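This report describes how a set of helices is arranged in one protein chain, and how single residues are placed within that arrangement. Please keep the sequence and the model in view while reading.

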Amino acid sequence: MASDIVIEGGERLHAVAAKLRAAGPQGKELRRGMRRAIQETAQPLVEDVKRRALAIPTSGTKSTGLRAAIARATKLEIRASGSADHVSITVRGSLMPPGKSTLPPAMDGTTRWRHPVYGNANNWVSQDSHPYFTPAVEHADPSITAAVIAVVDATALAIMES
């Protein structure tokens, strides 16, 4: 993972996911509903990270498509089916174009980084980073985490009532 944020409340999600697995077919339907609700709740933060990546300033008239690739590689991951249950927002290096998997954290960093100009190994330049991921998650509405936890708690209540 190049960059990621894990939404708090993972221990609750883990406990509820275990109960859902034990509940059989009814638990499977409840788990689907929980995943959909979490996705709807957290998706605005994912979209903010993508928007910020696409807004990174450019210079010149040519483009490598790096900003768009970072936006495409930004994903919401909801895992509620095993020992590592979590909700996270990540920029997956594995979804970046070949040779560019390490660029998302370089672009989000706090220092300058070096790269060849349009792949020309004889012409290297230093480039300032342009944080896009960290500011998005640092300024995220705290109600997103609260809402995800509320969805998990509501699912736990639904299990107990069934």
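The sections below take up helix H6, its packing with helix H2, the surroundings of helix H3, and then a few individual residues.

## Helix H6 and its buried face

The model is a predicted one, and the description starts with helix H6, which covers residues 143–161. At 1.5 Å a residue, the 19 residues of this helix should span 27 Å, and the end C-alpha atoms are 26 Å apart, which agrees with that expectation.

The buried residues of H6 are Ile144, Val148, Ile149, Val151, Val152, Thr155, Ala156 and Ile159. Seen down the axis of H6, these buried residues fall within an arc of 150°, so they line one face of the helix. An α-helix has 3.6 residues a turn, so residues three or four places apart point the same way. On the face of H6 that is turned away from the buried side, the exposed residues are Met160 and Glu161.

## Packing of H2 with H6

Which way does H6 run relative to H2, roughly parallel or roughly antiparallel? The two helices pack at an angle of about 170°, with their axes 9 Å apart, and because angles over 145 degrees count as roughly antiparallel, H2 and H6 are roughly antiparallel to each other. From H2 the contact is made by Leu30, Met34, Ala37, Ile38, Thr41, Ala42 and Leu45, while H6 contributes Ile144, Ala147, Val148, Val151, Val152, Thr155, Ala158 and Ile159. By residue class, this contact of H2 with H6 divides into 13 nonpolar and two polar residues, with no charged residue.

Val151, which lies in helix H6, gives a local view of this packing. Its relative accessibility is 15%, and since buried means under 20%, Val151 counts as buried. Apart from residues up to four places away in sequence, Val151 touches Met34, Ala37, Ile38 and Thr41, and these four residues are among those that H2 brings to its contact with H6. Toward the exposed end residue Glu161, the separation from Val151 is ten residues in sequence and 15 Å in space, C-alpha to C-alpha.

## Packing of H2 with H3 and the surroundings of H3

Helix H2 (residues 24–54) also packs with helix H3 (residues 66–73), at an angle of about 170° and with the axes 8 Å apart. That angle makes H2 roughly antiparallel to H3. Lys50, Ala53 and Leu54 of H2 meet Arg67, Ala68, Ile70 and Ala71 of H3 in this contact, whose residues divide into five nonpolar, no polar and two charged.

How many of the eight residues of H3 are buried? Six of them are, so H3 is largely enclosed by the rest of the structure. The buried residues are Leu66, Arg67, Ala69, Ile70, Ala71 and Ala73, and they pack against H2, strand S2 (74–79), strand S3 (86–91) and helix H4 (103–108).

## Individual residues along H2

Three further residues of H2 help to place this helix against other parts of the chain. Arg31, in helix H2, has its C-alpha atom 7.9 Å from that of Thr155, although the two residues are 124 residues apart along the chain. Leaving aside neighbours within four places in sequence, Arg31 is in contact with Leu20, Arg21 and Ala80.

Gln39 is likewise found in helix H2, and at 41% relative accessibility Gln39 counts as partly exposed. The C-alpha atoms of Gln39 and Ile78 are separated by 7.8 Å, with their positions 39 residues apart along the chain, and Gln39 touches both Leu76 and Ile78 when residues up to four places away in sequence are not counted. Glu40, which also lies in helix H2, is exposed, with a relative accessible area of 63%. The C-alpha atoms of Glu40 and Val148, which are 108 residues apart along the chain, are separated by 9.5 Å.

## A positive phi in a loop

Where is Tyr118 placed? Tyr118 lies in the loop between strand S4 (113–117) and strand S5 (120–127). The phi angle of Tyr118 is near 45°, a positive value in a residue other than glycine. With a relative accessible area of 45%, Tyr118 is partly exposed.

Terms used:
Residues are numbered from 1 along each chain as its sequence is written. This is a predicted model: local features need pLDDT of at least 70, side-chain atom pairs count only at pLDDT 80 or more; totals for chains, interfaces and linings use all residues. Side-chain values use heavy atoms; hydrogens and water are left out. The expected span of a helix is 1.5 Å times one less than its number of residues. Buried means under 20% relative accessible area, exposed over 50%, partly exposed in between (1.4 Å probe, protein chains only). The arc is that of the directions from the helix axis to the C-beta atoms. Axes are lines fitted to C-alpha atoms, for helices over the stretch in contact, and angles run from 0 to 180 degrees between N-to-C directions. Angles under 35 degrees count as roughly parallel, over 145 as roughly antiparallel, 65 to 115 as roughly perpendicular and the rest as oblique. Contact means heavy atoms within 4.5 Å. Ala, Val, Leu, Ile, Met, Phe, Trp, Tyr, Cys and Pro count as nonpolar, Asp, Glu, Lys and Arg as charged, and the others, Gly among them, as polar.
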